[in-house]
Amino acid sequence: MATASSFHQRHISHSDRRAARHLLAVPAGVFAGVIILAACYIAYVLWPRWPSGPVALDAPSIPVTVAGVTFNIPPAAIRQSVQRKPGMQQRVDLAYLWPSLTPPDPSARPAPVSSSNMVDRVFVTIAASDGALPPAERVKTIYPRYLDTRLTAAPGGLTSRPFRDGTPYQGEELNYDSGASGFLVRCTRNGAGSTLGMCLYDRRIGAADVTIRFPRDWLDDWQGVANRLDRLITSLRANGG
């Protein structure tokens, strides 16, 4: 009987300890749950949430992320209403008045132009590069396959080299500074009548390509154009990280 009693007492004592541990685990689990819920609530409150629809044209600059690169863009400069929202986008199309580099009046429709002197804005596209070669590499490895050997003097002291007929760049030419500035644009030629030649100025930022389009005739003052284009790109990246 003494042995059975001792065994019974030990069994009761072991059960009591397990019950005590269980009781202690309950408040610990509740406390941990409260902490998790509180952390989730704080994260929900503090996490930035963007408006689901297009923002107002007169709203302050909004952060738009393209290919992991953040740009701060005035909504009035965004040409497509569906792109007029913060957050991640694959592409965004912009317009800026020239030479002020301010967003155009969204209520004003651009008038038809017959000369480059009538063009009062530049057009900007920011898009994911999608693995395409950077502009500097295209000049070294892609364009030479299609360029003509002829070199001519271009406006403002630039050098012009046309692409050969029958190539993907037929009718275009490279205009570049043979000095140290590194300025280079790909341009179409002025056509018949009011058809204006246009130039593309490319810049790779991270994995995003920035392409600015402007009239070829502006190359007469290409140094001023280059300075303003660089200033425009810098403004897009202000506080962009």
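**Exercise 1. Determine which residues of helix 3 are buried and which strands they pack against.**

*Solution.* In this predicted model, the buried residues of helix 3 are Trp222, Gly224, Val225, Ala226, Leu229, Leu232, Ile233 and Leu236. As a next step, look at what these buried residues touch: they pack against strand 2 (69-73), strand 4 (91-97), strand 5 (121-128), strand 10 (198-205) and strand 11 (208-215). As a background to the spacing in such a list, an α-helix has 3.6 residues a turn, so residues three or four places apart point the same way. Finally, follow the chain beyond the helix, where helix 3 is followed by asparagine 239, whose phi is positive, near 60 degrees.

**Exercise 2. Check whether the span of helix 3 agrees or disagrees with its number of residues.**

*Solution.* Begin with the count, which is 16 residues for helix 3 (residues 222-237). The expected span is 1.5 Å times one less than the number of residues, and for helix 3 this comes to 22 Å. The end C-alpha atoms of helix 3 are 23 Å apart, which agrees with the expected span.

**Exercise 3. Describe the largest nonpolar core, and find which element gives the most to it.**

*Solution.* The largest nonpolar core has 40 residues, and those with the most contacts inside it are Phe71, Ile73, Ile126 and Phe214. Sorting this core by element, one finds that two or more residues come from each of strand 1 (62-66), strand 2, strand 4, strand 5, strand 9 (184-188), strand 10, strand 11 and helix 3. Helix 3 gives the most to this core, with seven residues. To see one member in detail, take isoleucine 126 and leave aside its neighbours within four places in sequence: its contacts then include Val66, Phe71, Ile73, Val92, Leu94, Val210 and Leu236. There is also a second, separate core of five residues, which includes Tyr143, Leu147, Phe163 and Tyr169.

**Exercise 4. Work out the order of the three strands in the open sheet, and state which of them stand at the edges.**

*Solution.* The three strands form an open sheet in the order 2-1-3, with mixed pairing. Strand 2 and strand 3 (87-88) each have a single partner strand and therefore stand at the edges, so that one side of each is left without a neighbour in the sheet. Turning to one pair of this sheet, strand 1 and strand 2 are antiparallel and pair over five bridges, and valine 66 has valine 69 in strand 2 as its bridge partner.

**Exercise 5. Trace how strand 8 pairs with strand 7 and with strand 9.**

*Solution.* On one hand, strand 7 (159-162) pairs with strand 8 in the antiparallel sense over four bridges, where proline 162 has glutamate 173 in strand 8 as its bridge partner. On the other hand, strand 8 and strand 9 run antiparallel and are joined by five bridges, and the bridge partner of glutamate 173 in strand 9 is cysteine 187. Glutamate 173 thus appears in both pairings, as the partner of proline 162 and as the partner of cysteine 187. As for its surroundings, strand 8 is mostly covered, with four of its five residues buried.

**Exercise 6. Classify two aromatic pairs as stacked or edge-to-face, and locate their residues in the chain.**

*Solution.* A search of the whole structure finds eight aromatic pairs. In one of them, the rings of tryptophan 98 and tryptophan 218 have their centres 5.0 Å apart and their planes at 25 degrees, so the pair is stacked, given that planes under 30 degrees apart count as stacked. Tryptophan 98 lies in the loop between strand 4 and strand 5, and tryptophan 218 in the loop between strand 11 and helix 3, 120 residues apart. Both tryptophan 98 and tryptophan 218 are buried, and arginine 228 lies over the face of tryptophan 98, at 5.8 Å from the ring centre.

In another pair, the rings of tyrosine 143 and phenylalanine 163 have centres 5.6 Å apart and planes at 85 degrees, so this pair is edge-to-face. Tyrosine 143 counts as buried at 4% relative accessibility, and phenylalanine 163 counts as buried at 2%. As a last step, ring pairs link Tyr143, Tyr146, Phe163 and Tyr169 into a cluster.

Note on methods:
Residues numbered from 1 in each chain as written. Predicted model: local features only at pLDDT ≥ 70, side-chain atom pairs only at ≥ 80, totals over all residues. Heavy atoms only, no water. Buried < 20%, exposed > 50% of the residue type's maximum accessible area, 1.4 Å probe, protein only. Contact = heavy atoms within 4.5 Å. Core = buried A, V, L, I, M, F, W, Y, C linked by side-chain atoms within 4.5 Å. Pairing = 2+ DSSP bridges. Phe/Tyr/Trp six-rings, centres within 6.5 Å; stacked < 30°, edge-to-face > 60°. Lys NZ or Arg CZ within 6 Å of the ring centre and 35° of its normal.
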